[in-house]
Amino acid sequence: MPFFDLPTDDELTPQVRQMFEEYRGVAGTETMAKTWRAFGRSARIIEARFKAWQNLNQQTSFAWDARCIAVMLIAHTRRCRACFSGARFQLDKLGFDEETMDAMCAAPETLPLKERDRLFVHYALKIATSAADLQPKDFGEMAQHGFSKAEIQEIIGFAAYWTMNMVFSQAALAALSDD
């Protein structure tokens with residue numbers, strides 16, 4: 001028997017229902033992912049995730065395809081099946097085929113992107129998967145590639161959001177599992 005169960009609509013507060021509705025509208029989905037819905041009884045968690053999603057993922061200057069590729073690679077590295085599948089779904093809608101996506105996972109240094117977008121993905125992946133290994137020279141390198149301090153902070157925020165989201169997703173999937 002799963003440790004978590006998914007709350008019914010009646011168990012959601014009006015605040016949570018409103019955030020779910022807004023998320024679905026912007027994301028273009030009819031239903032809320034179970035990795036979000038599993039936390040529906042905690043308005044604080046939903047609000048934190050929703051605000052982080054808006055501020056650190058949606059409101060960014062980086063290209064949508066580059067963000068989707070970054071999420072796919074971060075999810076691949078962090079082994080988050082839900083986020084990996086979601087990113088690939090978005091990339092499929094953008095016209096990327098399975099073979100191309102597999103090649104990106106196998107060799108992220110050869111992404112079919114403009115140089116600036118490729119560098120965004122590179123640094124987002126590095127920050128999301130090995131932030132403890134960052135050195136001051138890494139930030140200087142990003143600046144030498146033309147990223148402003150504000151853009152570097154935006155990349156950090158993007159990586160932090162997806163790292164957080166993957167923790168929620170992986171924990172929810174484990175708690176919803178029958179095993």
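A nonpolar core is a set of buried Ala, Val, Leu, Ile, Met, Phe, Trp, Tyr and Cys residues joined through side-chain atoms within 4.5 Å. Keep that in mind for this predicted model.

Q: Which residues have the most contacts inside the largest nonpolar core?
A: That core has 53 residues, and Trp-36, Ile-69, Phe-120, Val-121 and Phe-147 have the most contacts inside it.

Q: Which helix gives the most to this core?
A: H9 does, with ten residues. Helices H1 (14-27), H3 (43-58), H4 (64-78), H5, H6 (98-106) and H7 (115-130) also give two or more each.

Q: What is Trp-36 in contact with, leaving aside its neighbours within four places in sequence?
A: Quite a list: Phe-20, Tyr-23, Ile-46, Arg-49, Phe-50, Trp-53, Tyr-161 and Asn-165.

Q: Why is Asn-165 called buried?
A: The cut-off for buried is under 20% relative accessible area. Asn-165 comes in at 4%, so it counts as buried. This residue is found in helix H9, and beyond its neighbours within four places in sequence it is in contact with Trp-36, Arg-49 and Cys-83.

Q: Why is H5 called oblique to H9?
A: The axes of H5 (residues 81-93) and H9 (residues 149-176) come within 8 Å and cross at roughly 120°. Roughly perpendicular covers 65 to 115 degrees, and roughly antiparallel needs over 145. The crossing fits neither of these, so H5 is oblique to H9.

Q: Which residues make that contact?
A: From H5 come Arg-81, Ala-82 and Cys-83, and from H9 come Trp-162, Asn-165, Met-166, Ser-169 and Leu-173. Sorted by class, that is five nonpolar, two polar and one charged.

Q: How do you know that Cys-83 is in no disulfide?
A: A disulfide needs two cysteine sulfur atoms within 2.5 Å. The nearest cysteine sulfur to Cys-83 belongs to Cys-80 and is 3.4 Å away, so the pair misses the cut-off.

Q: Is Cys-83 buried or exposed?
A: Buried: its relative accessible area is 6%, and the limit is under 20%.

Q: What makes Cys-105 too far for a bond?
A: Its closest cysteine sulfur, in Cys-68, is 13 Å off, so that is too far. Cys-105 also counts as buried, at 13% relative accessibility.

Q: How many disulfides does the structure hold?
A: Zero.

Conventions. Residues are numbered from 1 along each chain as its sequence is written. This is a predicted model: local features need pLDDT of at least 70, side-chain atom pairs count only at pLDDT 80 or more; totals for chains, interfaces and linings use all residues. Side-chain values use heavy atoms; hydrogens and water are left out. Axes are lines fitted to C-alpha atoms, for helices over the stretch in contact, and angles run from 0 to 180 degrees between N-to-C directions. Helices (H or I, at least four residues) and strands (E, at least two) are DSSP runs, numbered from the N terminus. Angles under 35 degrees count as roughly parallel, over 145 as roughly antiparallel, 65 to 115 as roughly perpendicular and the rest as oblique. Contact means heavy atoms within 4.5 Å. Ala, Val, Leu, Ile, Met, Phe, Trp, Tyr, Cys and Pro count as nonpolar, Asp, Glu, Lys and Arg as charged, and the others, Gly among them, as polar. Buried means under 20% relative accessible area, exposed over 50%, partly exposed in between (1.4 Å probe, protein chains only).
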